[in-house]
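Please take me through this structure in the viewer, telling me what to select at each stop and what I should find there.

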Amino acid sequence: MSEQKQMAGEDNIAYTLGPMQAGPICCDPQPLIQVEDLSLHYGAKAALDRVTLDIHRGCITALIGPSGCGKTSFLLSINRLTDLIPGCRITGRIRIDGRDIHDPLCDVQTLRRRIGMVFQKPIPFPLSIHRNIELPLHEHGITRRADTGPIIEQVLQDVGLWNEVHDRLHSPALRLSGGQQQRLCIARALALNPHILLMDEPCSALDPLASGIVEDLISRLSGRYTIVIVTHNLAQAGRIANYAAFFWTKGQAGQLVEFGRCRQIFESPSHELTAAYVNGVRG
């Protein structure tokens, strides 16, 4: 991606996005999600201002920055969950595989089937473990037991839950531990075979042991899925992400300050605000 200039931070300092090629390449850099000049408002309040970046296929991209700088809003815009928020208004363009997700011909249900979502707090349905995964399959027309059974087993294997729960699939999901519930939610998101996985602080509500298990799982999913993760844990971002996007608030709106390879962002950031944040001086 060519260098693109934006204004961010304070005192009218100009911040320039770093080159995508900075640092060793983790993948063949093929943009899957292309965000151009994205601005987002909740009523009269601006949440994002003119954000532009490419997210590469098969890589993990971490969204970092202080609370309130628009990271979750950016995440929700990718699968149009922002459509469900009264008064939310978006300008700019988001393309996935070259297709504008706000095109009137875009089928939102199909879009969301391709984009799995995992939230900060595990939210299993108050149903059995089996039913938690079976229900979204039924909602999308996959109803034959011969089809659903193998999918349920496979995604539970994928998240490392099968050996822990295979003999109690019809027990309530709410009896699982917090870490198991989060892995179940990830399995539920994977059941529809998405291309993209969005994760909003998936480890923040977990204890360190459970967080480590989920973090290892996310790393294993890299390459198979394109993952965009919001995290306030900078060490976690450095461990699991290939790319990092640093957001900051200017005035009332979140802006993208710097984007590049994680190693470059954390070890040799291009901008003083990024350096201050990753070194704990700001934010």
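The tour below starts with the whole chain, then moves to one helix, a single glutamine and a few charged pairs.

**The whole chain**

Begin with everything selected, and keep in mind that this is a predicted model. Colour the chain by pLDDT: the mean is 88, and 89% of the residues reach 70 or more. Residues 1–25 stand apart from that picture, since their pLDDT is below 50, although this stretch has 59 contacts in the model beyond near neighbours in sequence. Where pLDDT is low, the predicted coordinates should not be read in detail.

Switching to a cartoon shows 10 helices and 12 strands in the chain. Of its 283 residues, 52% are buried, and the accessible surface comes to about 12800 Å², with 49% of that area belonging to carbon and sulfur atoms. If you draw the contacts between residues at least 6 apart in sequence, 68% of them join residues at least 24 apart.

**Helix H4**

Select residues 145–158 next, which form helix H4; its 14 residues reach 20 Å from the first C-alpha to the last, close to the 20 Å expected at 1.5 Å a residue. Which residues of H4 are buried? Show side chains for Thr 148, Ile 152, Val 155, Leu 156 and Asp 158, which are the buried residues of this helix. They lie on the same side of H4, because they cover an arc of only 150° around the axis.

To see what covers these buried residues, add helices H3 (129–139), H5 (162–165), H6 (178–190) and H7 (208–221), which are included in that cover. Then step just past the end of H4 to Gly 160, where phi is positive, at about 75°.

**Gln 181 in helix H6**

One of the covering helices, H6, is the place of Gln 181, so select that residue now. Is Gln 181 buried or exposed? Its relative accessible area is 13%, and Gln 181 therefore counts as buried, the cut-off being under 20%. Leaving aside neighbours within four places in sequence, Gln 181 is in contact with Pro 122, Pro 124, Ala 173, Leu 174 and Leu 176, and displaying these side chains together gives the surroundings of the glutamine.

**Charged pairs**

Side chains of opposite charge can pair when their charged atoms come close. A search of the whole structure finds 12 salt bridges, and a few of them make the last stops.

Stay first with helix H3, where Arg 131 and Glu 134 are three residues apart and thus separated by about one helical turn. Their salt bridge has its closest N and O atoms 3.0 Å apart. Arg 131 is partly exposed at 29% relative accessibility, whereas Glu 134, with a relative accessible area of 16%, is buried.

Move to Arg 93 and Asp 100, whose salt bridge has its closest N and O atoms 3.7 Å apart. Both ends count as partly exposed, Arg 93 at 39% relative accessibility and Asp 100 at 27%.

Return to H4 for Asp 147, whose side chain meets that of Arg 144 in a salt bridge of 2.9 Å, N to O. Here Asp 147 is partly exposed at 33% relative accessibility, while Arg 144 counts as exposed at 51%. Finally, select Arg 57, Asp 97 and Arg 114, which are joined into one network by salt bridges that share partners.

Note on methods. Residues numbered from 1 in each chain as written. Predicted model: local features only at pLDDT ≥ 70, side-chain atom pairs only at ≥ 80, totals over all residues. Heavy atoms only, no water. pLDDT = per-residue confidence, 0-100. Contact = heavy atoms within 4.5 Å. Helix = DSSP H or I, 4+ residues; strand = E, 2+ residues; numbered from the N terminus. Expected span 1.5 Å × (residues − 1). Buried < 20%, exposed > 50% of the residue type's maximum accessible area, 1.4 Å probe, protein only. Arc of directions from axis to C-beta. Areas by Shrake-Rupley, 256 points an atom, 1.4 Å probe, with all protein chains shown as cover. Salt bridge = Lys/Arg side-chain N within 4 Å of Asp/Glu carboxyl O.
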